Amino acid sequence: MVLHRLACRADEEPVEVGEAARIARAFDILPRGLPVAALTRQLDAGDAAGCTWLRADPGFVRADMATVRLYACGEMDVSPEECEALLAPLKPLFGDEGLPISAPVPSRWYLCLPPDARLPDFDPPLEVIGDDLFAHMPEGDAGRRWRRLMNEAQVILHNHEVNARRAAAGKLPVNTLWFWGASRLPDHVRSARAQVRSGDVLLRALAQRAGVEPSTDPEVATLPPAALVDLREVRDAALLEEHWIAPLVAQVRRGALDELRLDFGDGHLLRWRAAHRWRVWRRHLPA
């Protein structure tokens, strides 16, 4: 297998684990951090300057014998019409708190806060999905307001006619909001990448802010040097090798690319150069 040979013969270096660390290897963001809500708001609506933004994404929770768990967040197949109807009774709730709520796209809802707003820590949905919801609620005095707002929003959404229709149609109801990603637009985002190939909203927002071309073109032949290709959604190993890895290795071997870097989510980064193909004695992955 091409990927196996590459992994055996490439140079390997340990890197920091996690999405934020992997993004930091591709983008220089100042101030440091990952300002998710502000970046995606700018991509979605172009009006993120001058505010602190907080994602308040639609979600689905269900109680079991022991606790309440978050099972879906964001992408819930909510139509624009359903989105507007669900937001209508939430706007007075958040408006009275000085936190206007809006949704430029149905899967991403936002609260607009003053630039100097001080907020508790909020966990991203990937850390919460399937887990005990209460283990991830904002804590202490700083979190009390947000726990109250979440509870009040749940009551409003539970009784909403849109959710009755969604349940009748076999869809998950939108019965909660999940707050996360609080941030202001970064002062600058820079990247040495010539292009970002991804359908991921955050990567596309970072590319936009850095002045890098975003693309979803699936063709390897049109890939420029120094491009970042997001392959996290490719679940078929044979497709990954045949459509992406083998053609990119071939480009390195003929000199069209200097090297191929594979940045894995488990803290391993591989660098493969054309000369590495002669390391025929490397037949097994490092222990």
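**Strands, salt bridges and cores**

User: In S6, what is the bridge partner of serine 102?

Analyst: In this predicted model, local features need pLDDT of at least 70, side-chain atom pairs count only at pLDDT 80 or more, and totals for chains, interfaces and linings use all residues. Residues are numbered from 1 along each chain as its sequence is written, and side-chain values use heavy atoms, with hydrogens and water left out. Strand S5 (residues 101-105) and S6 run antiparallel, joined by three bridges; strands (E, at least two residues) and helices (H or I, at least four) are DSSP runs numbered from the N terminus. In S6, serine 102 has as its bridge partner tyrosine 110.

User: How many bridges join strand S3 to S6?

Analyst: Two strands pair if DSSP finds at least two bridges between them. Leucine 54 has leucine 111 in S6 as its bridge partner. S3 (residues 52-63) and S6 run antiparallel, and the number of bridges joining them is four.

User: Which residues of S6 are buried on the side opposite Arg108, Tyr110 and Cys112?

Analyst: Buried means under 20% relative accessible area, exposed over 50%, and partly exposed in between (1.4 Å probe, protein chains only). In S6 (residues 108-113), six of its six residues are buried. Arg108, Tyr110 and Cys112 are on one side, and the buried residues on the other are Trp109, Leu111 and Leu113.

User: Which helix gives the largest share of the largest nonpolar core?

Analyst: A nonpolar core is a set of buried Ala, Val, Leu, Ile, Met, Phe, Trp, Tyr and Cys residues joined through side-chain atoms within 4.5 Å. The largest has 60 residues, and those with the most contacts inside it are Phe94, Trp109, Leu111, Leu177 and Phe179. Its largest share is six residues, and they come from H4.

User: Which residues does leucine 177 touch?

Analyst: Leucine 177 is among the residues with the most contacts inside the largest core; contact means heavy atoms within 4.5 Å. Leaving out residues up to four places away in sequence, leucine 177 touches Ala56, Asp57, Pro58, Leu90, Phe94, Ile101, Trp109, Met150, Ala153 and Leu157.

User: Which elements do the buried residues of H1 pack against?

Analyst: In helix H1 (residues 2-9), the buried residues are Leu6, Ala7, Cys8 and Arg9. The elements against which they pack are strand S1 (11-14), helix H9 (237-253), strand S12 (260-263) and strand S13 (268-272).

User: How many residues apart are arginine 148 and glutamate 97?

Analyst: Their side chains meet in a salt bridge of 2.8 Å, N to O; a salt bridge is a side-chain nitrogen of Lys or Arg within 4 Å of a carboxyl oxygen of Asp or Glu. The pair links distant parts of the chain, with arginine 148 in helix H6 (residues 140-158) and glutamate 97 in the loop between helix H4 (80-95) and S5, and the separation is 51 residues.

User: How far apart are the closest N and O atoms of glutamate 161 and arginine 165?

Analyst: Both residues lie in helix H7 (residues 161-168), four residues apart, about one turn of the helix. Glutamate 161 is exposed, at 53% relative accessibility. In the salt bridge with arginine 165, the closest N and O atoms are apart by 4.0 Å.

User: Is arginine 32, the salt-bridge partner of aspartate 28, buried or exposed?

Analyst: The closest N and O atoms of this salt bridge are 2.4 Å apart. Aspartate 28 counts as partly exposed because its relative accessibility is 30%. Arginine 32 has a relative accessible area of 63%, so it is exposed.

User: Which strands stand at the edges of the open sheet S10-S9-S11?

Analyst: The pairing in this sheet of three strands is parallel. Three bridges join S9 (residues 195-197) to S11, where glutamine 195 stands opposite alanine 227. Each edge strand has a single partner strand, so one side of each is left without a neighbour in the sheet; these are S10 (213-215) and S11 (227-229).

User: Which two side chains make polar contacts of 2.8 Å with that of aspartate 230?

Analyst: Aspartate 230 is in the loop between S11 and H9. Aspartate 230 is buried because its relative accessible area is 19%. A polar contact is a pair of N or O atoms within 3.5 Å; within protein, one must be able to donate a hydrogen and the other to accept it, and residues adjacent in sequence count only if both atoms are side-chain atoms. The partners of aspartate 230 at 2.8 Å are serine 198 and arginine 232.
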